[in-house]
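Q: Please take one part of this structure and describe it closely, working from a single residue outward to the elements around it. I would like cut-offs stated wherever a term depends on them.

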Amino acid sequence: MSTTFPEGARIARSVLSDETYGVIRDLVLEHRIAPGRRVNIDSLSAELGVSPTPVREALARLESDGLVVKVPLRGYSTTPLLTVREFVELTQFRVLIEQWTAAQASASIDPATTAALRAELETGRATTGAGEAGPEAFRALTDHDARFHALIAKSAGNDLIAQSFERTHFHLHFLRLYLASHSAEAEGDADHRRLNAVLEEYDRSGQVSRTIDNHAAIAEAIIAGDGAEASQLMREHIELSRVRFLPVVELIASLR
């Protein structure tokens, strides 16, 4: 089965390696390179119009993102989608860690962190716009969500915890799950039409505006130095996200 590349995916040989990484990451996130599929470096470099070197560099970065895995003597393959159990366990980890980071950030709030939180909220509102549905709106929301939560984790003052949180790459896996129904191979498939229906219901829940509002409330509690409130709001925010998205994960798992 050949990989379906988006129009304009071919890139010039002179581009930086991070651009190659960005293109390949999108191919994986959008399921144009399917989960669990072996990645042929030579074929990929030929398709993108670059030498194998930036492709190898990109795959090494994607391995640290948890999107590909390198198997000795076999090369790289894309990782499977999160299972229901993995999704739930990652959410549980986030609840434990991020309640603490919200409280700690509140205890050490300063003008620089205050400005950074408010700037990220403005960026989130600007980039998500009025969109409440579809891959582009969800991608913009996911990017904002990742930056917002990472900022709070870093502001807590514990580098080990901040690094542990970022190494889960939860937001990348979350986005990849969402985009599962939008792969080219899914079009017209009855099972994936069911998945689209579940995602449409999720989109109709107002996930963009609700997430931004939740972030604003968490940020204001942190800025006010109210650790107990910030911690509680963070827990509710993560738990609500789990409850709303779990039906999507369960249906994806049933289609594998």
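A: What follows begins with one arginine and its helix, and then moves through its contacts to the rest of the chain.

This is a predicted model, in which local features need pLDDT of at least 70 and side-chain atom pairs count only at pLDDT 80 or more, while totals for chains, interfaces and linings use all residues. Residues are numbered from 1 along each chain as its sequence is written, and side-chain values use heavy atoms, with hydrogens and water left out.

The residue chosen is Arg176, placed in helix α8, residues 170-178; helices (H or I, at least four residues) and strands (E, at least two) are DSSP runs numbered from the N terminus. Arg176 is buried but takes part in no salt bridge, and Glu86, the nearest side chain of opposite charge, is 8.9 Å away. Here buried means under 20% relative accessible area, exposed over 50%, and partly exposed in between, with a 1.4 Å probe and protein chains only. A salt bridge is a side-chain nitrogen of Lys or Arg within 4 Å of a carboxyl oxygen of Asp or Glu, and for charge Lys and Arg count as positive and Asp and Glu as negative, whereas His and the chain ends are not counted. In general, side chains of opposite charge can pair when their charged atoms come close.

The helix around this arginine is mostly covered, with nine of its nine residues buried; among them are Phe170, His171, Phe174 and Tyr178. In the loop between α7 (159-167) and α8 lies His169, which has a positive phi of about 50° although it is not a glycine.

With neighbours within four places in sequence left aside, Arg176 is in contact (heavy atoms within 4.5 Å) with Val28, Leu29, His31, Pro35, Leu67, Thr78, Thr79, Pro80 and Leu81. Two of these partners, His31 and Thr79, are worth following further.

His31 lies in the loop between α1 (17-29) and α2 (41-48). At 8% relative accessibility His31 counts as buried, and this non-glycine residue has a positive phi of about 65°.

Thr79 is found in the loop between β2 and α4 (84-107), and it is buried, with a relative accessible area of 13%. Not counting residues up to four places away in sequence, Thr79 touches Pro35, Gly36, Gly66, Leu67, Val68, Val69 and Arg176; Pro35 and Leu67 therefore appear in the contact lists of both Thr79 and Arg176. A polar atom of the Thr79 side chain lies 2.9 Å from the backbone oxygen of Gly66. Thr79 and Val68 are eleven residues apart in sequence, while their C-alpha atoms are 5.0 Å apart in space.

Val68 leads to the strands, for it stands opposite Thr78 in β2, and Thr78 is itself one of the contacts of Arg176. Strand β1 (residues 68-71) and strand β2 (residues 75-78) pair in the antiparallel sense over four bridges, pairing being assigned if DSSP finds at least two bridges between two strands. Ser77 in β2 is the bridge partner of Val69. The two strands form a hairpin with three residues between them, and Leu73 in the turn has a positive phi of about 70°.

Although Arg176 has no salt bridge, a search of the whole structure finds nine. One of them joins the side chains of Arg139 and Asp26 at 3.3 Å, N to O; this pair links distant parts of the chain, with Arg139 in helix α6 (residues 135-155) and Asp26 in helix α1, 113 residues apart. Arg139 also forms a salt bridge with Glu30, the closest N and O atoms being 2.9 Å apart; Glu30 lies in the loop between α1 and α2, so this pair ties together parts 109 residues apart in sequence. Arg139 counts as buried at 15% relative accessibility, whereas Asp26 at 26% and Glu30 at 22% are partly exposed. Asp26, Glu30, Arg32 and Arg139 are linked in a network of salt bridges.

As for the setting, the protein chain comes to eleven helices and two strands. Buried residues make up 46% of its 256 residues, and of its contacts with a separation of 6 or more, 78% come from residues 24 or more positions apart.

Conventions:
A polar contact is a pair of N or O atoms within 3.5 Å; within protein, one must be able to donate a hydrogen and the other to accept it, and residues adjacent in sequence count only if both atoms are side-chain atoms.
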